[in-house]
Amino acid sequence: LEEQTSQGSDITDESIQALKVSVMGPMMGIGDTINWGTMYPMLIAFFLPAAAQGNWIAAIAPASIYLVVTGIICYIFLHMGYSIGVSSADKLMHSKRMDMLINTASVFGLMVMGTLAASFVSMHTGFGGVPAMLNDILAILLPLVAIFGTYLYLEARESYLKATLWIVAFGLVLGGAGILVP
């Protein structure tokens, strides 16, 4: 539109600004979901075990890969948006490929988060006299209960801050009572 205006078209500056503002929200929603909500956490989750073992490359790899991939995506969409024009946003928003990409990234993200939960969430009881087999079952069952309890709490439309505070409170109370031990 700006190019058409510079060539003498009868398009007002207000119309151009209104179109930019109206398209900005939906487009940012897609980009943020894919980039910040899915891709970056997956990169961090992928490299986190190696970084925890002291590998310094794993500490900088997620940010480096993220910058390269985001730069490529920005370059492609910049040129695609310019060449296709205003209709590109409508095509992108109603594209089945975009829906498929978002769903695939969401499923992959859930798999990564499940793996992280199974790998890094651990709880042990401080009950003396509990048979070893029962203690082993509790060591697996307690993190599962904690994760599903948090999930159900968040599904009830509670805030993440409240969920975090409840987890900290339960951890302090149960740890202080000797029920949970490191």
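**Surface, core and helices of the predicted chain**

The protein chain exposes about 13300 Å², and carbon and sulfur atoms supply 71% of that area. Everything reported here comes from a predicted model. Turning to burial, just 15% of the 182 residues in the protein chain count as buried. As for how the chain meets itself, take the contacts between residues at least 6 apart in sequence: 51% of them join residues at least 24 apart.

In terms of secondary structure, the protein chain has seven helices and two strands. Walking along the sequence, the order is α-α-α-α-α-β-α-α-β. So much for the overall layout; the inside comes next.

The largest nonpolar core is made of six residues, namely M39, L43, F47, A58, A61 and Y66. Two elements, α2 (13-52) and α3 (56-84), each give two or more residues to this core. F47 is a handy place to look at how the core is put together. Setting aside neighbours within four places in sequence, F47 makes contact with A58, A61, P62 and I65. Of these partners, A58 and A61 are themselves listed as members of the core.

Next door in sequence to that core residue, F46 offers a link to another part of the chain: F46 and L116 sit 70 residues apart in sequence, yet their C-alpha atoms are 9.1 Å apart in space. L116 belongs to helix α5, which covers residues 96-120. With a relative accessible area of 18%, L116 falls under the 20% cut-off and is therefore classed as buried.

On the outside, a nonpolar surface patch is formed by M133, L134, I137, L141, L144, V145, F148, Y151 and L152, which together have about 920 Å² of accessible area. One of these residues, Y151, is found in helix α6 (residues 132-155). Y151 has a relative accessible area of 47%, so it counts as partly exposed, a label that applies between 20% and 50%.

Helix α6 itself has 24 residues and spans 35 Å from its first C-alpha to its last, close to the 34 Å expected at 1.5 Å a residue. Right after α6 comes R157, with a positive phi of about 65°. Helix α7 (residues 160-176) can be described in a similar way: its 17 residues reach 24 Å between the first and last C-alpha, close to the expected 24 Å. Following α7 is G178, where phi is again positive, near 85°.

Definitions and conventions: Residues numbered from 1 in each chain as written. Predicted model: local features only at pLDDT ≥ 70, side-chain atom pairs only at ≥ 80, totals over all residues. Heavy atoms only, no water. Helix = DSSP H or I, 4+ residues; strand = E, 2+ residues; numbered from the N terminus. Expected span 1.5 Å × (residues − 1). Buried < 20%, exposed > 50% of the residue type's maximum accessible area, 1.4 Å probe, protein only. Contact = heavy atoms within 4.5 Å. Areas by Shrake-Rupley, 256 points an atom, 1.4 Å probe, with all protein chains shown as cover. Core = buried A, V, L, I, M, F, W, Y, C linked by side-chain atoms within 4.5 Å. Patch = residues over 30% accessible without salt bridge, like charges linked within 9 Å, V, L, I, M, F, W, Y side chains within 5 Å. Salt bridge = Lys/Arg side-chain N within 4 Å of Asp/Glu carboxyl O.
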